[in-house]
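Biologist: Could you walk me through this model? I'd like to begin with the core and then look at a couple of charged residues.

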Amino acid sequence: MSQQLAEFALSDWDAPEGIDDEKQVPTVLTFTLGDQLFAVDVQRVREILDMTEISPLPSAPHDVLGIIDLRGQAIAIVDLAARIGARHVNNDGARIIVFEFPTDAAEPVSLGVLADKVLRVREMPEDSTEPVPTTMSDWNCEVATGMLRTEDGLAMVLGIDSILCQTARPGPFDFS
C-alpha cells in the first residue's frame with residue numbers, strides 16, 4: 001500500500017468537471033488606519049463588525065486592547081496600528097475586522113483588529129503588486145508583502161499572518 005501512495009502525485013489528479021484548476025486571482029480587503037491605506041488577504045477575514053464595547057483584559061500586553069463577545073465567543077482585539085507603527089483616527093466609521101487563523105488544535109483562532117474605515121473587497125491580479133520601496137536606510141518593512149495600486153490610492157499589502165500570529169516578539173527593552 002505504501003508503494004501505491006509513493007507513486008501518486010498531484011499532477012496525476014484530474015480536477016472534477018466544473019472546477020477550474022487555473023490559479024485564482026487573490027482577493028484583498030482594503031481599509032485605512034489614519035491616513036494610511038492597507039490591504040489584507042480576504043481568505044483570512046472571518047467577518048467585519050460595527051464597533052462595539054471592548055472589555056479590557058488585566059495584565060494584557062500593551063497592544064491587546066481587550067476582548068469582545070461575538071455570539072458567545074470571546075475574541076481578543078489587537079491594536080494593529082501599534083503593531084505596525086501606524087496611527088488611528090477616532091471616528092464614527094471605525095470597524096472591527098475579525099481574522100481567523102488555522103492552528104494545530106481542532107478549532108481555528110479568531111483575532112480582531114480595529115480599522116478606522118473599511119473600504120472594499122477587490123481582486124489583486126499578480127501584475128498589480130509592486131515591491132515595498134527601498135529607503136537606503138536601516139528600515140525593513142517586514143509587515144508588508146508588497147504595494148498595490150487601487151482606486152483609493154497606494155495600499156500596503158500586509159502579511160497579516162506574520163503580524164498577528166507571532167508568538168515571541170521582542171519587548172521594548174530586548175536589544176538582540
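Biologist: Which residues touch the most other members of the largest nonpolar core?
Modeller: Bearing in mind that this is a predicted model, the residues of that 26-residue core that touch the most other members are F31, L80, I84, F99, L158 and L164.

Biologist: And which elements give two or more residues to this core?
Modeller: Three helical and strand regions early on are strand 1 (27-33), strand 2 (36-41) and helix 2 (80-84), and the list continues with strand 6 (95-101), strand 7 (109-115), strand 10 (144-150), strand 11 (153-158) and helix 3 (160-164). Another core, of eight residues, lies apart from it, with I68, L70, I77 and L114 among its members.

Biologist: What does L80 touch, leaving out residues up to four places away in sequence?
Modeller: With those left out, L80 touches F31, L33, V113, L158, I160 and I163.

Biologist: Now D79, is that buried or exposed?
Modeller: D79, which sits in the loop between strand 5 (73-78) and helix 2, is buried but has no salt bridge, since the nearest side chain of opposite charge, R83, is 8.5 Å away.

Biologist: So which side chain does the side chain of D79 make a polar contact with?
Modeller: That partner is the side chain of H88, at 3.4 Å; beyond four places in sequence, D79 touches H88 together with D63 and L65.

Biologist: Switching to R87, buried or exposed?
Modeller: R87, in the loop between helix 2 and strand 6, counts as exposed because its relative accessibility is 66%, and the cut-off for exposed is over 50%.

Biologist: What is R87 in contact with outside its neighbours within four places in sequence?
Modeller: Its contacts there are L33, G34, A81 and D116, while the C-alpha atoms of R87 and D35 are separated by 8.0 Å although these residues are 52 residues apart along the chain.

Notes:
Residues numbered from 1 in each chain as written. Predicted model: local features only at pLDDT ≥ 70, side-chain atom pairs only at ≥ 80, totals over all residues. Heavy atoms only, no water. Core = buried A, V, L, I, M, F, W, Y, C linked by side-chain atoms within 4.5 Å. Buried < 20%, exposed > 50% of the residue type's maximum accessible area, 1.4 Å probe, protein only. Helix = DSSP H or I, 4+ residues; strand = E, 2+ residues; numbered from the N terminus. Contact = heavy atoms within 4.5 Å. Lys, Arg positive; Asp, Glu negative; His and termini not counted. Salt bridge = Lys/Arg side-chain N within 4 Å of Asp/Glu carboxyl O. Polar contact = N/O pair within 3.5 Å; in protein donor to acceptor, adjacent residues only side chain to side chain.
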